[in-house]
Amino acid sequence: MKRESIPLIDFLKEFKGSLLILTHENPDGDALGSAMALYLFLKKKGKDVYVGCKDEVPHFLDFIPHSDEVIKLPDGRFYDAGIIVDASGFYRAGTEVKVAKRIRIDHHVGGDFYSRHDYIDPKAPATASLIYELIKAWDISAMDKEIATCIYAGLATDTGFFKYSNTNEYTFELARELVRYGADPNYVYRMFSERESLSKMKLISKVLDTLTLYEDGLVAGITIFDRFFKETGAKYSDSEGLVNYPRSLEGVEVAFALIEKPDEGVWKVSFRSKVEVDVSKIAERLGGGGHKYASGCKIKASSYEEALDKVLTEIRKQLQLQKIAHR
Ligand code: 5GP
Ligand code: MN
């Protein structure tokens, strides 16, 4: 991806204050990989930099180099600037953040815009690829095995390990560069995919029991009731990626996962699509956002039936708007 210049680089070169890098709640591989890569790079550049997140680093991401340095937010501190990565705005931090200047590095469609120092490109396969471009344009000699591993982890997870539609020539070129700098594809794959817990497997078993088809099989959904976590001992972060089960069914165009979050009084919804349906539109109408093929939101409802009805109503609306019917 060629670009003229990145104004954020000039800003950061001059910047002397304290800098907090943060990401969205319940971080995924791209969120944490991007945050840690930028953090490690800016530390090498002598910056007074910190990295924070509302949630603790989940087990599936604890191999990311230096992830034990992530500060749990809110930490009560005031920072001269904050950079949120892989999120459509500071509201996605899910907690209070005290910073004098707000900056966003991201690849989501739409979202909040703070200043010309934001670095946003919805065509980027992952936020991690934007971090790579930033480092390349600033000082590639600072690239090392740890930073390459963080970026590779972000790129690999957001492309479904080089399978999703954001996988193209650029994605592989970038992966090749990262491997050259020391990222180990098999290691990253094993860290993500071969360290599951028995409780997660038991959670999956309960969740698959809820799998239901709607709209003549065009739509499939799963529900993760809060009691499933209690019954299996699984953690909230174990729900990451389960929405891929309903999506994997033949004929399904839209998949969703409805996750009960009584602590926040909401239902978290994940949407996925395959080829045509733009699920970012569905999530946006429900107050969230994301990408064409992966989006999410949180909805308030007084019962499970009401939450499900809200979700199905917006999915049907999108299928009608895009004139998608069973073939
Ligand atoms: P996931 O379903 O894996 O949580 O998220 C899928 C995509 O939608 C991600 O790119 C994520 O950042 C975005 N997303 C998930 N939940 C929300 C939300 O509540 N608000 C917004 N704006 N985006 C979300
Ligand atoms: Mn991402």
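Student: Is His107 buried or exposed in this structure?
Tutor: The model is predicted, so local features need pLDDT of at least 70 and side-chain atom pairs pLDDT 80 or more, while totals for chains, interfaces and linings use all residues. Residues are numbered from 1 along each chain, chains are lettered from A and ligands numbered from 1 as written, and side-chain values use heavy atoms, without hydrogens or water. Buried means under 20% relative accessible area, exposed over 50% and partly exposed in between, with a 1.4 Å probe and protein chains only. Since His107 has 3% relative accessibility, it counts as buried.

Student: Which residues coordinate the manganese ion (ligand 2)?
Tutor: Donors are N, O and S atoms within 2.8 Å of the metal (3.2 Å for Na, K and Ca), and without water sites may look incomplete. Here the distances run from 2.1 to 2.3 Å, and the donor atoms are OD of three residues and NE2 of another, which gives Asp30, Asp86, His107 and Asp158.

Student: How are these donor residues of the manganese ion (ligand 2) spaced in sequence, and which parts does the pair Asp86 and His107 tie together?
Tutor: The spacing of the donors along the sequence is D-x55-D-x20-H-x50-D. Asp86 is in the loop between strand 4 and strand 5, whereas His107 is in the loop between strand 5 and strand 6, so the pair ties together parts that are 21 residues apart in sequence.

Student: What is the relative accessibility of Asp86?
Tutor: Asp86, which is a donor to the manganese ion (ligand 2), counts as buried, because its relative accessibility is 2%.

Student: Why is strand 4 largely enclosed by the rest of the structure?
Tutor: Strands are DSSP runs of E, at least two residues long, numbered from the N terminus. Strand 4 covers residues 79-85, and it is largely enclosed because the number of its seven residues that are buried is six.

Student: Which strands pair with strand 4?
Tutor: Two strands pair if DSSP finds at least two bridges between them. Strand 1 (residues 18-23) pairs with strand 4 in the parallel sense over five bridges, with Leu19 opposite Ala81. Strand 5 (residues 99-106) also runs parallel to strand 4, joined by six bridges, and Ile83 faces Ile103 there. The partners are therefore strand 1 and strand 5.

Student: In what order do the six strands form the open sheet?
Tutor: Strand 1 also pairs with strand 2 (residues 48-53) in the parallel sense over five bridges, where Ser18 has Asp48 as its bridge partner. The sheet is open, its pairing is parallel, and its order is 3-2-1-4-5-6.

Student: Which are the edge strands?
Tutor: Each edge strand pairs on one side only, and these are strand 3 (71-72) and strand 6 (119-120).

Technical notes. Helix = DSSP H or I, 4+ residues; strand = E, 2+ residues; numbered from the N terminus.
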